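Let's take a walk through this protein together, from its overall fold down to single residues. Have the viewer open and turn the model as you read.

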Amino acid sequence: MEMPCTVDGMDPSSILIAGVGGIGCAWAYNAHQRCQQSAHLALIDADEESFHTGENIHVVRLGHALDSVGCAALPPLAEQRMRGLNNYTNQLLSNTELVILLTGLGGGVGTGAAQEFARQARQSGAIVLAVAALPFEAQATRLELANEGLIRLENTAHVTVRLSLDRLARQARE
């Protein structure tokens with residue numbers, strides 16, 4: 001049986017939209033709803049509320065189901081948990097050629113796990129395009145965490161696009 005292909009001739013299973021952290025999972029899920037037959041979806045978070053189920057959706061939970069402690073403001077913990085799932089992500093990424101990674105930086109999971117997932121994806125041979133939202137300038141602590149995570153993500157992904165929430169909010173008001 002022949003696999004359905006996208007217009008560009010890529011097998012849909014070779015494209016993965018990955019949402020990392022709460023905002024990343026929400027963006028990725030919404031993007032996947034627009035192109036369900038063209039890509040797979042991975043939702044990566046420590047919070048059960050970020051997860052959806054369905055065809056071509058892979059849930060990657062950072063932590064145990066009974067573990068009520070997430071990774072809020074603890075990027076090293078999220079990175080460590082993501083690294084611990086390396087065997088699972090290797091299987092998930094085995095046929096993937098392109099990863100579109102969507103995340104918000106400034107918290108724990110997005111800042112810590114996004115860079116590690118990008119590293120794993122790149123190591124598997126996939127091209128990694130990351131889109132990272134930066135917190136509002138008034139959120140000084142989150143902005144500091146985000147800038148540290150952004151440097152690491154830019155050094156890992158092939159392409160990283162920065163989204164300023166301040167700028168998006170300004171444009172929405174205009």
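We begin with the overall fold, then move into the nonpolar cores, and end at one residue in a strand.

A word before we start: this is a predicted model. Its secondary structure consists of six helices and six strands. Reading from the N terminus, you will meet these elements in the order β-α-β-β-α-α-β-α-β-α-β-α. The radius of gyration is 16 Å, close to the 16 Å that the globule rule gives for 174 residues, so the protein is as compact as a globular protein of that length. If you align the view with the principal axes, the C-alpha trace spans about 55 × 45 × 30 Å.

How do the contacts spread along the sequence? Among contacts with a separation of 6 or more, 65% are between residues 24 or more positions apart. Of the 174 residues, 45% count as buried. On the outside, the accessible surface comes to about 9,300 Å², and carbon and sulfur atoms hold 52% of that area. As for charge, there are 12 positive and 18 negative side chains, and the centres of these two sets lie 6 Å apart.

Now let's look inside. In soluble globular proteins, nonpolar side chains tend to be buried together. Here, the largest nonpolar core has 31 residues, and Leu-62, Val-99, Leu-101, Val-109 and Phe-117 touch the most other members. Two or more residues of this core come from each of β1 (15-20), β2 (40-45), α2 (75-84), β4 (98-104), α4 (109-123), β5 (127-134) and α5 (140-156). Helix α4 gives the most, with six residues. Apart from this core lies another, of 12 residues, among them Ile-17, Cys-25, Ala-28 and Leu-41.

Val-109 is a good residue to select next. Setting aside its neighbours within four places in sequence, Val-109 is in contact with Val-20, Gly-21, Ile-44, Asp-45, Ala-46, Leu-62, Cys-71, Ala-78 and Ala-114.

Our last stop is Leu-43, which you will find in strand β2. Is Leu-43 buried or exposed? Its relative accessible area is 0%, so Leu-43 is buried. With neighbours within four places left out, the residues in contact with Leu-43 include Gly-19, Cys-25, Ala-28, Tyr-29, Phe-51, Ile-57 and Val-59. For a sense of scale, try drawing a line from Leu-43 to Ser-164: these residues are 121 apart along the chain, and their C-alpha atoms are separated by 22 Å.

Definitions and conventions. Residues are numbered from 1 along each chain as its sequence is written. This is a predicted model: local features need pLDDT of at least 70, side-chain atom pairs count only at pLDDT 80 or more; totals for chains, interfaces and linings use all residues. Side-chain values use heavy atoms; hydrogens and water are left out. Helices (H or I, at least four residues) and strands (E, at least two) are DSSP runs, numbered from the N terminus. The radius of gyration is taken over C-alpha atoms; the globule rule is 2.2 Å times the number of residues to the power 0.38. Buried means under 20% relative accessible area, exposed over 50%, partly exposed in between (1.4 Å probe, protein chains only). Contact means heavy atoms within 4.5 Å. Accessible areas come from the Shrake-Rupley method with a 1.4 Å probe; for residues, only the protein chains shown count as cover. Lys and Arg count as positive and Asp and Glu as negative; His and the chain ends are not counted. The place of a charge is taken as NZ of Lys, CZ of Arg, CG of Asp or CD of Glu. A nonpolar core is a set of buried Ala, Val, Leu, Ile, Met, Phe, Trp, Tyr and Cys residues joined through side-chain atoms within 4.5 Å.
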